[in-house]
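The following exercises are meant to be worked through with the sequence and the model side by side. Try each task before reading its solution.

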Amino acid sequence: MAAPTPSDPWVARDAAVVWHGFTQMATYAGNVPVTVASAEGREVVDVHGNRYFDAISSLWVTTLGHRLPELDAAVIDQLGRVAHATLLGNGSVSVIEFAEALCAVVPVDAPHVLFGSDGAVAVEQALKVAFQYWVNRGEPRRHRFLALDGAYHGDTVGALSLGAGGFGTTVFDPLRFPVLRTPGYASADWAATAVAAVEDHADTLAAVVIEPLVQGASGMLVAEATDLTRLGEACRAHGVLLICDEVATGFGRTGRLFASEWAGPGFRPDLLCLGKGISGGYLPLSATVVAGSVYEAFLGEDLGDRTFYHGHSYGGNALACAVALRHLQLLEEWDVLAHVRAVADHLGGRLAEVAALEGVAEVRRRGLMVGVELDPPPGASRWGRRVCAGAVRRGVLLRPLGDVVVLMPPLTSTADELDRVVDVLVAAIAEVRAEDAR
Ligand SMILES: *Cc1c(COP(=O)(O)O)cnc(C)c1O
């Protein structure tokens, strides 16, 4: 299929050389992409000067806003010291400072931090650590993973194996290693099934992997915190490691610093995967936080086989850690979580109107993570895409997951801004319904 010649010169230059992720390039130009030239606060500005409210936080990474003077200053200050120095066998000051601050707030006992640059790497590291942990302990029979239906853990082959598939990734099935799969948050009794599977298969399970509270990429499916608590207790009781993938939910999205906290003080992941909002959306950074009890199984003689032989060139980048440290401080200094809980309540009230609309099947929300599941009439096509395109034309940047419209506004969004997002969404849904009625 030949790509149409785009009328926008930036789109033409873009499509000539850039291959966009999760994007069919033959239709890229036809879907009227926004080419961002700059940003300010919670808005991005395109090459033509149009402004868009960033209602997806640049695909879930931006937290406090774009071009925040405090975060800009943290990067500039670190640039005057060093941009990057390897962590393989050596240390780096801003990394140590950030790791100390992070370890003070994660719901993990005696934490140690393995850094990476992307969420998928944080997951990949967690699954390799969990696997080798049991080898180092002399129990190699425990090598399987339990993961949920609807799970998404990233796009590298290991993370893809833990994920449930979909998004056109079934082509890679021959490359994926098998996992024990139980129902996800779409099933009301997901936890009972997972707990039973842990009880039945404990002797061969290395770890259970979940996205606590919200399965984001599968359309913002939500769980009850008490169900997380039950699963955590079962893992503990049977000595199965618990990996919590908080790449999406971490750093305030759900109204707590980490979604795991909703499951109570006794819910302590053995491995916690962090990414996306970790650097406030500034620079690529991810982390696998490992409990002391797991970490200690890797201690042994120099160059010995208990060592974790894994590491990425840019893992623990100094600039990224400097901005991540300042970001963590600002979350606290500005009492951002209280703000999130207040505006999320307000948004929840407004979304009740959306849930009642013709053309909407369900609205799911935890904090500022929202999925509006559309209910297209029989024969209607690409509703998610068309509704989001209508929102973009009205100055609100949205991107769907199939027929689920995702709202993931920055943590500092005001009630007025969220009202505008809802108003625009309502108008865009009405427009698409009217088009199909003609
Ligand atoms: C986005 C995401 C990932 C992958 O992170 P990348 O930085 O895109 O590699 C992993 N897990 C969850 C839950 C995510 O939402």
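**Exercise 1: A buried helix**

Cys388 has a relative accessible area of 2% and is therefore buried, where buried means under 20% relative accessible area, exposed over 50%, and partly exposed in between, with a 1.4 Å probe and protein chains only. Before going on, note that this is a predicted model, in which local features need pLDDT of at least 70 and side-chain atom pairs count only at pLDDT 80 or more, while totals for chains, interfaces and linings use all residues. Residues are numbered from 1 along each chain as its sequence is written, and side-chain values use heavy atoms, with hydrogens and water left out.

Task: Establish which residues of α12 are buried, and what covers them.

Solution. Step one is to list the buried residues of α12, which are Trp383, Gly384, Arg386, Val387, Cys388, Gly390, Ala391 and Val392. Helices (H or I, at least four residues) and strands (E, at least two) are DSSP runs, numbered from the N terminus.

Step two is to weigh that list against the helix: α12 spans residues 383-393, and because eight of its 11 residues are buried, it is largely enclosed by the rest of the structure.

Step three is to look for the cover, which includes the strands β3 (51-54), β14 (369-374), β15 (396-397), β16 (400-401) and β17 (404-407), together with the helix α13 (415-437). Contact here means heavy atoms within 4.5 Å. Finally, follow the chain just past α12, where Gly395 takes a positive phi of about 90 degrees.

**Exercise 2: The ligand and its shell**

Task: Determine which residues surround the ligand, and how many of the shell residues are nonpolar, polar and charged.

Solution. Begin with the residues that have a heavy atom within 4 Å of the ligand: they are Trp60, Asp118, Gly119, Ala120, Tyr152, His153, Gly154, Glu211, Asp245, Val247, Ala248 and Lys276. Sorting this shell gives five nonpolar, three polar and four charged residues, on a scheme in which Ala, Val, Leu, Ile, Met, Phe, Trp, Tyr, Cys and Pro count as nonpolar, Asp, Glu, Lys and Arg as charged, and the others, Gly among them, as polar.

Next, examine the polar contacts, that is, pairs of N or O atoms within 3.5 Å. A backbone N or O atom of Gly119 lies 2.7 Å from an oxygen atom of the ligand. A side-chain N or O atom of Asp245 is 2.7 Å from a nitrogen atom of the ligand. A polar side-chain atom of Lys276 lies 2.7 Å from a ligand oxygen atom. The ligand taken alone exposes 380 Å², of which the protein buries 84%, the areas coming from the Shrake-Rupley method with a 1.4 Å probe.

**Exercise 3: Two buried loop residues**

Task: Locate Ser117 and Thr62, and state what each of them touches beyond its sequence neighbours.

Solution. Ser117 sits in the loop between β4 (112-116) and α5 (119-136), and with 17% relative accessibility it counts as buried. Outside the four places on either side in sequence, Ser117 contacts Pro284, Leu285, Ser286, Tyr314 and Gly315.

Thr62 belongs to the loop between α2 (57-60) and α3 (69-79), and its relative accessible area of 1% makes Thr62 buried. Its contacts, again leaving aside neighbours within four places in sequence, are Asp54, Ser57, Arg253, Gly280, Gly281 and Pro410.

**Exercise 4: Cysteines and positive phi**

Task: Find how many disulfides the structure holds, and then ask whether Ser58 and Arg67 are buried, partly exposed or exposed.

Solution. A disulfide is a pair of cysteine sulfur atoms within 2.5 Å, and a search of the whole structure finds zero disulfides. Cys235 is accordingly in none, the nearest cysteine sulfur being that of Cys244 at 8.6 Å; at 1% relative accessibility, Cys235 counts as buried.

For the second part, Ser58 lies in helix α2 and has a phi near 50 degrees, a positive value in a residue other than glycine. At 35% relative accessibility, Ser58 counts as partly exposed. Arg67, placed in the loop between α2 and α3, likewise has a positive phi near 50 degrees, and with a relative accessible area of 53% Arg67 is exposed.

Key: Polar contact = N/O pair within 3.5 Å; in protein donor to acceptor, adjacent residues only side chain to side chain.
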